Amino acid sequence: MSGSTAASFTADDYRARMERAARTAAEAGLAGLLVAPGPDLVWLTGYTPPAVTERLTLLVLAAGQDPVLVVPALEAPDAQKAAGAPALALRDWTDGKDPYAATAALLHASGRFGISDNAWALHLLALQQALPGSSYTSLTEALPMLRAVKDTAELELMTAAGAAADATFEEIRDVPFAGRRESQVAADLDRLLRRHGHEQVDFTIVASGPNGANPHHEAGDRVIERGDMVVLDFGGLKDGYGSDTSRTVHVGEPTDEERRVHDIVREAQEAGFRAVRPGAACQDVDRAARAVIAGAGYGEYFIHRTGHGIGVTTHEPPYMIEGEERPLVPGMCFSVEPGIYLPGRFGVRIEDIVTVTEDGGRRLNTTSRELVIVE
């Protein structure tokens, strides 16, 4: 995560996040949270360790006690510079000492803890050995909505990331498509996203012709031809917050069928967006979009969920999928991205990031959802 993001939030912001996380954990019946390096640690403290290392770094949060960051002594100076450092205590350990004993002293011996999904098994197993009476559950399983509701400052960063992705799409429309490889257009997307402020590009899907029927196609060596439908799906992090948008373009004039399929997906995307409102269930968004596609006779060709959450990572809870009854809350941000995928022929996907408002939803992507003709 870039330094500019950490500078956007104060120690008080991070203190409030850690307090809320500890309180939410207690309400969920947990003795506390153990947060390893990764998106959760950045969101809670503003700290990213200088390198991937086998040395234990772990934030310990529990209601009624001050946050403690267990950190290798050689990395303590970096941790002290984090924007959230004034809101926590540092407990450093040196090589040759047992970091698990030091961590165990901070934990309830028979407690159940939420632990980061990306924590190393090495560390979890050592903690279990140090505290045989303790037990653990994944943070996403225990507190899936921990980062889901964005505050005003976060929404501003999400909006800026969406605008940067939109600017990228407006420019990619003007690059040559016909006669170039998918990988070349993908490289253009990467370059434009970075030019518009992204420090990290997570994906640049360019799926032309029959490749468009694979929702997660990796841009490859296929040469784009006139007559191809091309699915573009791209995003990453700008100032630490995610963008993700999809538009489907056509090289030259499309057929009537291609236009019809695109129109159906566009209508489905609009229906999904209109289903966004506080109190509605996540699955309602999926149902609204899916009903349009199924009603047009293409239900079996819509083969993925309608959306996913986004924030300090480009894919996170909540998910817009059948069976997810969690209610939408103002400040949640997620994609609405229905698609139709016709094997061996072509695919269409249209995606915006949407945030829940007090009375509905607001799109963070505003480029045209009409079928764009490129050359």
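Reader: Which side chain meets that of Arg191 in a salt bridge?
Author: This is a predicted model, where local features need pLDDT of at least 70, side-chain atom pairs count only at pLDDT 80 or more, and totals for chains, interfaces and linings use all residues. Residues are numbered from 1 along each chain as its sequence is written, and side-chain values use heavy atoms, leaving out hydrogens and water. A salt bridge is a side-chain nitrogen of Lys or Arg within 4 Å of a carboxyl oxygen of Asp or Glu. At 3.3 Å, N to O, the partner of Arg191 is Asp188.

Reader: Which helix holds both Arg191 and Asp188?
Author: Helices (H or I, at least four residues) and strands (E, at least two) are DSSP runs, numbered from the N terminus. An α-helix has 3.6 residues a turn, so residues three or four places apart point the same way. Arg191 and Asp188 are three residues apart, about one turn, in helix 9 (residues 182-195).

Reader: Is Asp188 buried or exposed?
Author: Buried means under 20% relative accessible area, exposed over 50%, and partly exposed in between (1.4 Å probe, protein chains only). Its partner Arg191 has 40% relative accessibility and counts as partly exposed. Asp188 has a relative accessible area of 11%, so Asp188 is buried.

Reader: How many salt bridges does the structure hold?
Author: Side chains of opposite charge can pair when their charged atoms come close. One of the pairs joins Glu253 and Arg259 (3.5 Å, N to O). Glu253 is exposed at 59%, while Arg259 is partly exposed at 36%. The total for the structure is 28.

Reader: How many residues apart are Arg345 and Glu257?
Author: The side chains of Arg345 and Glu257 form a salt bridge at 2.4 Å, N to O. The pair links distant parts of the chain: Arg345 sits in the loop between strand 13 (339-342) and strand 14 (346-349), Glu257 in helix 10 (residues 256-274), and the separation in residues is 88.

Reader: Is Glu257 buried, partly exposed or exposed?
Author: Arg345, across the bridge, is partly exposed, with a relative accessible area of 42%. Glu257 stands at 23% relative accessibility, so Glu257 counts as partly exposed.

Reader: Which residues of helix 6 are buried?
Author: Helix 6 spans residues 121-130. On the face turned away from its buried side are the exposed residues Ala121, Leu125 and Gln129. The buried residues are His123, Ala126 and Leu127.

Reader: What arc do these buried residues cover around the axis?
Author: The arc is that of the directions from the helix axis to the C-beta atoms. The buried residues lie on the same side of helix 6, because their arc is only 100°.

Reader: What is included in the cover of the buried residues of helix 6?
Author: Two strands in the cover are strand 1 (32-35) and strand 2. The cover also includes helix 5 (99-104) and strand 6 (135-138).

Reader: Which residues does Thr103 contact, leaving aside neighbours within four places in sequence?
Author: Thr103 is found in helix 5. At 0% relative accessibility, Thr103 counts as buried. With contact meaning heavy atoms within 4.5 Å, the partners are Leu56, Leu58, Val60, Val70 and Leu127.

Reader: How many disulfides are there?
Author: A disulfide is a pair of cysteine sulfur atoms within 2.5 Å. The sulfur of Cys282 is 13 Å from the closest cysteine sulfur, in Cys333, so that pair is too far for a bond. Cys282 is buried at 0%, and Cys333 is buried at 1%. The disulfide count is zero.

Reader: What is the phi of Asp239?
Author: Most residues other than glycine have a negative phi, and most peptide bonds are trans. Asp239 lies in the loop between strand 8 (229-238) and strand 9 (241-251). At 23% relative accessibility, Asp239 counts as partly exposed. Its phi is positive, near 50°.

Reader: What is the omega of the peptide bond from Pro317 to Pro318?
Author: Pro318 lies in strand 11 (residues 316-320). The bond from Pro317 to Pro318 is cis, with omega near 5°.
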